[in-house]
Amino acid sequence: MELILLDDHPIFARSLQLALRTHGVKAKAVIKLTELYEALEVSVPDILLLDISMGKDNGLTIGEELLNKYPHLKVIFLSGYDLVEYHNKAKKMGAKGFLSKNIDVEEMLEKLRLVMMGESIFSSNHSDSDILTNREKEILRFIAKGITQKEVARELGISLRTVSNTIGMIYEKFDVNNSIEAIHRGMQLGIIDRPI
């Protein structure tokens, strides 16, 4: 099994590379996007492990671009945040799985072997559809930016009452009582980007 890992944390990347190599995986770790592109020009691996949060670079965007260029590449995302939204985006683009950075090496190897056999590895906890509709997500993101309901209504060309009702629906779905709790829940689910 040949594998390339892109992660901008050198210690994590090198440690995982070493751990995988001791289990017979031909693993190469890169910490810069340019290194990844160069490595792919030389040889396309069986599996590409991509960190999601890498400073200004977004692993989900990179994964989507690479799957367009290399449609047979088996992309698996790695993240410290096991979020519904990340799983959903990964599935939609055709990635083969999502792994938490908290996973131990033996379990990771087991999951990698499943992918090599043609399976996908997504947590069953995230098999449900999105919690919020696209419009609800859009309004929640506006609220997170501190934009008033009146401004949201004007921006989206809808009534203030519609905005208010939508916010009420978000609170109900999230089982929260105010915008601060809703924003926090939105961050937990990956609907709202966490501040870097």
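1. Let's start with aromatic pairs: how many does a search of the whole structure find? Just one turns up, and keep in mind that we're looking at a predicted model. The partners are Tyr 86 and Phe 98, with 6.5 Å centre to centre and 35° between the planes, so the pair counts as tilted, being neither under 30 degrees (stacked) nor over 60 (edge-to-face).

2. Where do the two rings sit? Tyr 86 belongs to helix 4 and Phe 98 to strand 7 (residues 97–100), so their pairing ties together parts twelve residues apart in sequence. Are they buried or exposed? Tyr 86 and Phe 98 are both buried.

3. Tyr 86 has another job for your eyes: follow helix 4 to its neighbour, helix 3. On the helix 4 side, Tyr 86, Lys 89, Ala 90 and Met 93 meet Leu 60, Gly 63, Glu 64 and Leu 67 of helix 3. Sorted by class, this contact has five nonpolar, one polar and two charged residues.

4. Now the geometry of that helix pair. The axes of helix 3 (residues 59–69) and helix 4 (residues 84–93) come within 10 Å, crossing at roughly 10°. That angle is why helix 3 counts as roughly parallel to helix 4.

5. Zooming out, the protein chain has nine helices and seven strands. Its C-alpha atoms fill a box of roughly 60 × 30 × 30 Å along the principal axes.

6. Of the 196 residues in the chain, 42% are buried. The accessible surface comes to about 10,900 Å², and carbon and sulfur atoms account for 49% of that. Among contacts between residues at least 6 apart in sequence, 62% join residues at least 24 apart.

Key. Residues are numbered from 1 along each chain as its sequence is written. This is a predicted model: local features need pLDDT of at least 70, side-chain atom pairs count only at pLDDT 80 or more; totals for chains, interfaces and linings use all residues. Side-chain values use heavy atoms; hydrogens and water are left out. Axes are lines fitted to C-alpha atoms, for helices over the stretch in contact, and angles run from 0 to 180 degrees between N-to-C directions. Helices (H or I, at least four residues) and strands (E, at least two) are DSSP runs, numbered from the N terminus. Angles under 35 degrees count as roughly parallel, over 145 as roughly antiparallel, 65 to 115 as roughly perpendicular and the rest as oblique. Contact means heavy atoms within 4.5 Å. Ala, Val, Leu, Ile, Met, Phe, Trp, Tyr, Cys and Pro count as nonpolar, Asp, Glu, Lys and Arg as charged, and the others, Gly among them, as polar. Buried means under 20% relative accessible area, exposed over 50%, partly exposed in between (1.4 Å probe, protein chains only). Accessible areas come from the Shrake-Rupley method with a 1.4 Å probe; for residues, only the protein chains shown count as cover. Rings of Phe, Tyr and Trp (its six-membered ring) pair if their centres lie within 6.5 Å; planes under 30 degrees apart count as stacked, over 60 as edge-to-face and the rest as tilted.
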